[in-house]
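I set out to look up how the helices of this model pack against one another and what its aromatic rings are doing. My entries follow in the order in which I made them.

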Amino acid sequence: PKIALNDLRDLASSIKKQGLINPILISVMYKDDHEKIHYKIVDGERRFRATTQAGLGENKILAQVIEVQDPISLDLIRLTVQSTNKNWDPYDQANAEKSLLEKLGNNVTEVAKLIGISRQSIINHQKIFELKEGTLAKLKDSGKELTYARETAKLIESLSPADKDKWPDYEERITDKILSG
């Protein structure tokens, strides 16, 4: 799901008036003995929450359920579905790629083949996770593209240990400079 769900009032109002038009995509995973493990929303987290906020019961939610064999398949489906969404945040894509990398033992080549992008793109996307959490949040909240976060990470990486010691707030300074300029 999207990291930031933003304000759902308009969407909830629309769903209350028009109903839920696009189904919510839900995955179900099973144990080997075909016992259900859990359900997970793959696409439609905002619609699900807005439907709940609109006061519609669960029986009013239009959903498509897919069976998923393993967590890697779930991540791949989620990445595929979400990457076609024009409003999908590139930071969310980087997070989804990070999740796949963790599950596949940080094998960048394998993840690149699975999702159909270059190894270098994945490496560049993952640079942002070298930033402190507060810095990443500041860049994301600014509405700046993922490129700004990658450039911030590259600048910070290029600093010598002596420079980092001299300026304990170096990451914040660089971030502010990038955002202002």
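Entry 1, first helix pair. I note at the outset that the model is predicted. I began with helix H1, residues 9–18, and helix H2, residues 45–53, whose axes come within 8 Å and cross at roughly 70°. Angles of 65 to 115 degrees count as roughly perpendicular, and H1 and H2 are therefore recorded as roughly perpendicular to each other. I entered the crossing of H1 past H2 as right-handed. For the contact itself, I listed Arg9, Leu11, Ala12 and Ile15 on the H1 side, which meet Arg46, Arg47, Ala50, Thr51 and Gln53 on the H2 side. By class, I found 4 nonpolar, 2 polar and 3 charged residues in this contact.

Entry 2, second helix pair. I turned next to helix H4, residues 90–103, and helix H5, residues 108–115. I read an angle of about 125° for this pair, with the axes 9 Å apart. That angle makes H4 oblique to H5. The handedness of the H4 and H5 crossing is again a separate item, and I recorded it as right-handed. I then asked which residues of H4 meet H5. They are Glu97, Leu100 and Leu101, and their partners in H5 are Val108, Val111 and Ile115. I sorted the residues of this contact into 5 nonpolar, no polar and 1 charged.

Entry 3, third helix pair. I examined helix H8, residues 146–158, against helix H10, residues 170–180, and found that their axes come within 10 Å and cross at roughly 140°. H8 and H10 are therefore oblique to each other. I noted that H8 passes H10 in a right-handed crossing. From H8, the contact draws on Tyr148, Glu151, Thr152, Leu155 and Ile156, while H10 supplies Tyr170, Glu171, Ile174, Thr175 and Ile178. I counted these contact residues by class as 6 nonpolar, 2 polar and 2 charged.

Entry 4, aromatic rings. How many aromatic pairs does the structure hold? I recorded 0. I then searched for charges placed over rings. The charged end of lysine 98 sits over the ring of phenylalanine 129, at 4.4 Å from the ring centre. I also found lysine 132 over the face of tyrosine 170, 5.7 Å from the centre of that ring. I marked Tyr170 for cross-reference, since this residue of H10 also takes part in the contact with H8.

Entry 5, the chain as a whole. I closed with the overall layout. I tallied 10 helices and 3 strands in the protein chain. Following the sequence, I wrote the order of elements as α-β-β-α-β-α-α-α-α-α-α-α-α. For overall dimensions, I took the C-alpha trace along its principal axes, where the span is about 60 × 40 × 25 Å.

Methods:
Residues are numbered from 1 along each chain as its sequence is written. This is a predicted model: local features need pLDDT of at least 70, side-chain atom pairs count only at pLDDT 80 or more; totals for chains, interfaces and linings use all residues. Side-chain values use heavy atoms; hydrogens and water are left out. Axes are lines fitted to C-alpha atoms, for helices over the stretch in contact, and angles run from 0 to 180 degrees between N-to-C directions. Helices (H or I, at least four residues) and strands (E, at least two) are DSSP runs, numbered from the N terminus. Angles under 35 degrees count as roughly parallel, over 145 as roughly antiparallel, 65 to 115 as roughly perpendicular and the rest as oblique. A crossing is left-handed if the near helix is turned anticlockwise from the far one by less than a right angle, and right-handed if clockwise. Contact means heavy atoms within 4.5 Å. Ala, Val, Leu, Ile, Met, Phe, Trp, Tyr, Cys and Pro count as nonpolar, Asp, Glu, Lys and Arg as charged, and the others, Gly among them, as polar. Rings of Phe, Tyr and Trp (its six-membered ring) pair if their centres lie within 6.5 Å; planes under 30 degrees apart count as stacked, over 60 as edge-to-face and the rest as tilted. A charge sits over a ring if NZ of Lys or CZ of Arg is within 6 Å of the ring centre and within 35 degrees of the ring normal.
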